[in-house]
Amino acid sequence: MGASLLLRANASEEIGAGHVMRLIALAQGARREGCDVHFVLGGDASVCAAKVADAGFGASASVGPFGSTADLESLQALAVAKRATAVVVDGYDFKAPYLAKLAESRTTAVIDDLAEEHIPAHVIVNPNYGAERLAYSVGRETRVLAGSDYALLRSEFVNVPRPTRSASEPRLVVTFGGSDPVNASTRIIKVLSSLQLAFPVRVIVGSGFRGGKELGAAIESSGLHIEVVRDPSDMAACLAWGNLAISAAGGPLWELSYLRLAVAAFSIVDNQDETARSLAERSMIFGGQRLSSLGDRELALVLEEFLFDADRRRACADRYHQLIDGRGAERVMAEILSI
């Protein structure tokens, strides 16, 4: 019998679907290794439950508040019922006592972006660029898998042909994650309207996006050729339509790198700050600031350089595209299964 994994994460309009989406990538890597996989979802399951089902995985709802005793006990009981050899947890609500109890009875892996607290687990995964420089508080036997070699790409990205684009035919994608909790998409469209773009724009929003009315008004008054795509069934193909992207500095960064798009990225939540800053400092992306820290004029200047300085954009993109090879899920699964 092959290994069996439980994958535990939360999703909601406030926190988005990123934790679950990267676990889908890991689940697909596990399935390629012959493993059985089952998800346990907390928060607002409607944000991403359909994505889990569409990927061919079963899912159960969590019990009790995030990271609570009830949550832990139900997860442990399900692990016994499913004969799970490993549990993978992704989220910020799972504290050391919760993780330590999980690790007593089976291999426990944690996907963590912050390195802020002690993490009692067998494997820690931080797929962000520059994460190898963080100092994790862990036990002597814990394996820390840090850096973009461990970026988790879903099969739809790994399987899509990596496109080549002509710089003379720009097409712009705007994407700020599954819920875009700060409605960054609307702000970007308002600023773009002052730049007199002559090329098409595609705005991608997820099922958790609640700013449609504001976005629609901004598009109507922009004078630009803008298409809105909501919750696309094939995100890889939807992104690959473009050759330029304006994005949040979360999971989409690795997808855009793999697809060879040039990127301007901004952090919209705390855990994106370091990644955005590091990539910008190394001239791989434009931007790199916290979006809320920029006034409209400052943001317009960043976007203007990104959209109209083709030489610098090409130089940044050439470096950026070297980051991701699409094999991160396989590397992570090899470590988990070796314990």
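# A walk through two sheets

Start with a pair of residues: Val-89 has Val-110 of strand β5 as its bridge partner. Select both, and you are inside the pairing of β4 (residues 86–90) with β5 (residues 107–111), which is parallel and runs over five bridges. Two strands count as paired if DSSP finds at least two bridges between them. Helices (H or I, at least four residues) and strands (E, at least two) are DSSP runs, numbered from the N terminus.

Before moving on, know that this is a predicted model, where local features need pLDDT of at least 70 and side-chain atom pairs count only at pLDDT 80 or more, while totals for chains, interfaces and linings use all residues. Residues are numbered from 1 along each chain as its sequence is written, and side-chain values use heavy atoms, with hydrogens and water left out.

**Stop 1: the seven-stranded sheet**

Now colour the whole sheet around that pair. Seven strands make an open sheet in the order β3-β2-β1-β4-β5-β6-β7, and the pairing is parallel. Which strands stand at the edges? They are β3 (58–61) and β7 (143–146); each has a single partner strand, so one side of each lacks a neighbour in the sheet. On average, neighbouring strands here are turned by 20° against each other, direction ignored. Angles are taken between axes, which are lines fitted to C-alpha atoms (for helices, over the stretch in contact), and they run from 0 to 180 degrees between N-to-C directions.

Next, select helix α1 (residues 18–32). Helix α1 lies across β1 (4–11), β2 (36–43), β4 and β5, at about 165° to β1. Then pick helix α13 (residues 328–337), which packs on this sheet and touches β1, β4, β5, β6 (123–126) and β7. Contact here means heavy atoms within 4.5 Å. The direction of α13 makes about 180° with that of β7.

**Stop 2: a link between β7 and α13**

Stay with that helix and show the side chains of Arg-143 and Glu-335. They form a salt bridge, with the closest N and O atoms 2.9 Å apart. The term covers a side-chain nitrogen of Lys or Arg within 4 Å of a carboxyl oxygen of Asp or Glu. Arg-143 sits in strand β7 and Glu-335 in helix α13, so the pair ties together parts 192 residues apart in sequence. Are these two buried or partly exposed? Arg-143 is partly exposed at 30% relative accessibility, and Glu-335 is partly exposed too, at 24%. The cut-offs are under 20% relative accessible area for buried and over 50% for exposed, with partly exposed in between (1.4 Å probe, protein chains only).

The structure holds 20 salt bridges. For a network, select Arg-22, Asp-90 and Asp-113, which are joined by salt bridges that share partners.

**Stop 3: the six-stranded sheet**

Jump to Val-173, whose bridge partner in β11 is Ala-245. Strand β8 (residues 172–175) pairs with β11 (residues 244–248) in the parallel sense, over four bridges. They belong to an open sheet of six strands, ordered β10-β9-β8-β11-β12-β13 with parallel pairing. At the edges are β10 (226–230) and β13 (286–290), each pairing on one side only. From one strand to the next, the twist averages 15°.

Helix α11 (residues 296–308) packs on this sheet, touching β8, β11, β12 (262–267) and β13, and its direction makes about 160° with that of β12. Show Asp-296 in α11 and Arg-187 in α6: they form a salt bridge, with the closest N and O atoms 2.9 Å apart. This pair ties together parts that are 109 residues apart in sequence.

**Stop 4: the cores**

Nonpolar side chains tend to be buried together in soluble globular proteins. The largest nonpolar core has 38 residues, and Leu-172, Leu-192, Ile-246 and Leu-303 have the most contacts inside it. Such a core is a set of buried Ala, Val, Leu, Ile, Met, Phe, Trp, Tyr and Cys residues joined through side-chain atoms within 4.5 Å. Helix α11 gives the most to this core, with six residues. Centre on Leu-303: among the residues that Leu-303 touches are Ile-188, Leu-192, Ile-246 and Phe-266. A second, separate core of 36 residues includes Ala-9, Ala-30, Val-88 and Val-125.

**Last stop: the cysteines**

How many disulfides does the structure hold? Zero, a disulfide being a pair of cysteine sulfur atoms within 2.5 Å. Select Cys-238: its sulfur is 18 Å from the closest cysteine sulfur, in Cys-48, too far for a bond. Cys-238 is buried, with 7% relative accessible area.

Key
Lists of a residue's contacts leave out its neighbours within four places in sequence.
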